[in-house]
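Here are some friendly notes to read alongside the model. Take them in order, with the structure open beside you.

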Amino acid sequence: GATKPRQHAKLKLAWLMSFPNSGSSYTTKLVRTMTNASTATNYGASTRDKYGCSRPIAPELESTGPFWQSNTYEHLGGSGGGGGSGGEYLLTKTHCGGYCNGCGPSKYFETAQSFADACSTGKKSTHC
């Protein structure tokens, strides 16, 4: 069967799947700006606080993410009310698997499970 995004407490992840450098950072910024909802990313190096640290959405996800993309952590989307009304979904940027810069075709092959695993994990930029 299909693999679902990881859950934490009341958070449900809504994956924004895209190819790298295809505009997903702009998309998540637009969502934050227009709805006041928080967003996350699986890529800690792309989002750091003023101390240079990636901020995981939960302590047990410190090394794999996802990581908050903004400094407002309490507003979730997806409740149907708009305006940061406290929904249950956290829009989370991911590129999943099956892409590689400068690699031969053999590096692009993925099983359904390895692709899904790559969707739900990322990397922290620094250990704070």
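1. Let us begin with a pairing inside the sheet. Ala14 has Leu91 of strand 5 as its bridge partner. That pair belongs to a longer run: strand 2 (residues 11-17) and strand 5 lie parallel and are joined by six bridges. Please keep in mind from the start that this is a predicted model.

2. Leu91 has a second partner to look for. Thr39 is also bridged to Leu91 in strand 5. Here too the strands run in the parallel sense, with three bridges between strand 3 (residues 39-41) and strand 5. Strand 5 therefore pairs with strand 2 and with strand 3.

3. Is strand 5 enclosed or open to the outside? Strand 5 covers residues 89-94, and five of its six residues are buried, so the rest of the structure largely encloses it.

4. Now step back to the overall plan. The protein has two helices and five strands. Reading from the N terminus, the order is β-β-α-β-β-β-α. Of the contacts between residues at least 6 apart in sequence, 68% link residues at least 24 apart.

5. A word on surface and interior. The protein has 128 residues, and 34% of them count as buried. Its exposed area is about 7,700 Å², with 56% of that supplied by carbon and sulfur atoms.

6. Which residues make up the largest nonpolar core? There are eleven: Leu11, Leu13, Trp15, Ala40, Ile57, Ala58, Leu61, Trp68, Leu90, Cys96 and Cys119. Strand 2 gives the largest share of this core, with three residues. As background, nonpolar side chains in soluble globular proteins tend to be buried together.

7. Gln69 deserves a closer look. You will find Gln69 in the loop between strand 4 (67-68) and strand 5. Its relative accessibility is 16%, so Gln69 counts as buried, the cut-off being under 20%. The Gln69 side chain makes a polar contact of 3.2 Å with the side chain of Thr28, and another polar contact, also given as 3.2 Å, joins the side chains of Gln69 and Arg32. Setting aside neighbours within four places in sequence, the residues in contact with Gln69 are Thr28, Arg32, Thr39, Ala40, Thr41, Thr47 and Lys93.

8. Two backbone details are easy to miss. The peptide bond between Gly65 and Pro66 is cis, with omega about 15°, and Pro66 sits in the loop between strand 3 and strand 4. Asn36, which is not a glycine, has a positive phi near 65°. Asn36 lies in the loop between helix 1 (24-35) and strand 3, and at 37% relative accessibility Asn36 counts as partly exposed.

9. Finally, how far can you lean on the coordinates? The average pLDDT of the protein is 75, and 73% of the residues score at least 70. Confidence is highest in strand 3, at a mean of 90, and lowest in strand 1 (residues 7-8), at 47. Over residues 1-8 pLDDT stays under 50, although the model has 17 contacts there beyond four places in sequence. Residues 79-85 also stay under 50, and the model has ten such contacts for them. Where pLDDT is low, the predicted coordinates should not be read in detail.

Methods
Residues numbered from 1 in each chain as written. Predicted model: local features only at pLDDT ≥ 70, side-chain atom pairs only at ≥ 80, totals over all residues. Heavy atoms only, no water. Buried < 20%, exposed > 50% of the residue type's maximum accessible area, 1.4 Å probe, protein only. Helix = DSSP H or I, 4+ residues; strand = E, 2+ residues; numbered from the N terminus. Pairing = 2+ DSSP bridges. Contact = heavy atoms within 4.5 Å. Areas by Shrake-Rupley, 256 points an atom, 1.4 Å probe, with all protein chains shown as cover. Polar contact = N/O pair within 3.5 Å; in protein donor to acceptor, adjacent residues only side chain to side chain. pLDDT = per-residue confidence, 0-100. Core = buried A, V, L, I, M, F, W, Y, C linked by side-chain atoms within 4.5 Å.
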